[in-house]
Amino acid sequence: MPANETFARIKAHFLRIRALPPDERSIATAALEDAAVRAEVISLLDNDCEDTGFLRARPQTVTAPPPDAHGPPPLVGAVLLERFEVLAMVGEGGFGWVFWGHDRARDEPVAVKVSKPITDATVVEDVLAAFEREGVALAALARRSPHIVEYRDVGAWRDAGGRRHPFIVMEWLAGPTLAALSRDRPAGERWTLDEAMSLLQEVADGLTVVHAHGVAHRDLKPSNVLCVPGPDGAVLKLVDFGAAKIAAERARGFESTGRQVGMLTFDYAAPELLSRVYGATGPWTDVFALAMMLTELMLGRHPWGGLDTLTTMARITDLAARPTPGALGVQVEPPVEAVMARALAVEASARYPDACTFWQALTAARRGEPTDLTPRGPLARMLAGLRRRT
């Protein structure tokens, strides 16, 4: 069947089933005979309805009122850059809205991410420029790694009032997140270091390419890693890069909302995302999150699991409460624990500078080979000196 006919069928089934009551949707999707069409429809419905923090369900509509300071722009029905047709809004994140669209040039579904308005006129141009630069940079990076979401184009759409809404167009990816997969495993199941590293190897590979080109994700977490089916097996892909979030943070400051500070999710957040007292954000921020994901797998639960927001924030920056496997009762070799301790250091400058350096050190420690564990940063050097004197 031609690709355009397949896309039309997916669109028709998605819109039809979305209109059904929630308890009837699973029956309707199961009745779809074409497995490929069924998988795409299920993916669209999951993104449309699931409250994940990154995507939060909102009412769907084909028409929308004039945009205001808080609502999404009326993009549905628009054709961006004379190529990307916007079909429906499927979710809202901390920094913007996500729309489902159609790439007319390649006859494929796409995701369109639109930035929320920046009200501070003194930084708005810088924010918009940073948003557009990220799209350009990541479009080039995706060609260098199969583990980075493919960015198609960037631009800015103007509403009836003349306000600019910068957007990034990306490939539409169908597949569960690592967060969804982890929910399916038995509660408390622990992974060995080898198993955890094997699972996250592709994440480390993608970050290595990103960091080598001066880009940091800044919001790495299991829900931002998709497991995408492919002809040679599933492939992990990094999505939802955070340069736009950090740029918007400069304009709006921190805004507390549940377990988030503005656009920040606490569970994998490095200390510098809470306060610049601990250093600037960068690739080392992703090192912290990657190490947290490893600890979680080896521990069988999240290190901060069950803690309230204020306690979690305190733990993130507590020198005596580093979430390393050994500190939480997991038996690991001392060199491995030392590598994880450096990756999870409070001070940003004390950590490994990028994912490649961290992963190489961890691989060497696992094999019993020498690793570079020289303390980094003024705080780390001070603590090392105190240890030597005691």
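**Helix H6, cores and sheets in a predicted model**

Trainee: This is a predicted model. Where is the kink in helix H6 centred?

Mentor: Helix H6 covers residues 193-212. Its axis bends by about 50°. The centre of that kink is Leu200.

Trainee: Is Leu200 in H6 buried or exposed?

Mentor: H6 has a set of buried residues that includes Leu193, Ala196 and Met197. Val203, Ala204 and Leu207 are also among them. Leu200, where the kink is centred, belongs to this set too, so the label, which needs under 20% relative accessible area, is buried.

Trainee: Ala212 is in H6 as well. Is Ala212 buried or exposed?

Mentor: The cut-off for exposed is over 50% relative accessible area. Ala212 has 64%. Ala212 is therefore exposed.

Trainee: What separates the C-alpha atoms of Ala212 and Cys356?

Mentor: Along the chain, Ala212 and Cys356 are 144 residues apart. In space, their C-alpha atoms are separated by 8.6 Å.

Trainee: Which residue with a positive phi follows H6?

Mentor: Look just past the end of H6. The phi there is positive, near 75°. The residue is Gly214.

Trainee: Which residues have the most contacts inside the largest nonpolar core?

Mentor: That core has 76 residues. Helix H9, residues 283-299, gives the most to this core, with eleven residues. The residues with the most contacts inside the core are Leu294 and Phe358.

Trainee: Which residues does Leu294 contact, leaving aside neighbours within four places in sequence?

Mentor: Start with H6: Ala196, Met197 and Leu200 are buried residues of that helix, and Leu294 is in contact with Ala196, Met197 and Leu200. So the residue at the centre of the kink is among the contacts of Leu294, where contact means heavy atoms within 4.5 Å. The full list is Ala196, Met197, Leu200, Met340, Phe358, Trp359 and Leu362.

Trainee: How many aromatic pairs are found in the whole structure?

Mentor: Tyr352, Phe358 and Trp359 form one aromatic cluster. The search covers the whole structure. The number of aromatic pairs is two.

Trainee: Is the pair of Tyr352 and Phe358 stacked, tilted or edge-to-face?

Mentor: The ring centres of Tyr352 and Phe358 lie 5.8 Å apart. Their planes meet at 35°. Stacked needs under 30 degrees and edge-to-face over 60, so this pair is tilted.

Trainee: Is the pair of Phe358 and Trp359 stacked, tilted or edge-to-face?

Mentor: Here the ring centres of Phe358 and Trp359 are 6.1 Å apart. The planes stand at 80°. The pair is therefore edge-to-face.

Trainee: Is Trp359 buried or exposed?

Mentor: Take its cluster partners too: Tyr352 counts as buried at 1% relative accessibility, and Phe358 counts as buried at 0%. Trp359 has 7%. The cut-off is under 20%, so Trp359 counts as buried.

Trainee: Which strands are the edge strands of the open sheet of six strands?

Mentor: The order is S1-S2-S3-S4-S6-S5, with antiparallel pairing. An edge strand here pairs on one side only. The edge strands are S1 (79-80) and S5 (151-158).

Trainee: Which residue in S2 stands opposite Val79?

Mentor: S1 pairs with S2, residues 84-92, in the antiparallel sense. The pairing runs over two bridges. Opposite Val79 stands Glu85.

Trainee: Which residue in S8 is the bridge partner of Cys227?

Mentor: S7 (residues 225-228) and S8 (residues 235-238) pair in the antiparallel sense over four bridges. They form a hairpin with six residues between them. Val228 stands opposite Val235. The bridge partner of Cys227 is Leu236.

Trainee: Which residues of S7 are buried?

Mentor: Both faces of S7 are covered. On one side are Val225 and Cys227. On the other are Leu226 and Val228. The buried residues are Val225, Leu226, Cys227 and Val228.

Trainee: Among the elements, which has the lowest mean pLDDT?

Mentor: The mean pLDDT of the protein is 77, and 75% of its residues reach 70 or more. Helix H11 has the highest mean among the elements, 97. The lowest, 30, belongs to strand S9.

How values were computed. Residues numbered from 1 in each chain as written. Predicted model: local features only at pLDDT ≥ 70, side-chain atom pairs only at ≥ 80, totals over all residues. Heavy atoms only, no water. Core = buried A, V, L, I, M, F, W, Y, C linked by side-chain atoms within 4.5 Å. Buried < 20%, exposed > 50% of the residue type's maximum accessible area, 1.4 Å probe, protein only. Pairing = 2+ DSSP bridges. Bend = angle between axes of the 7 residues up to and from the residue. pLDDT = per-residue confidence, 0-100. Phe/Tyr/Trp six-rings, centres within 6.5 Å; stacked < 30°, edge-to-face > 60°.
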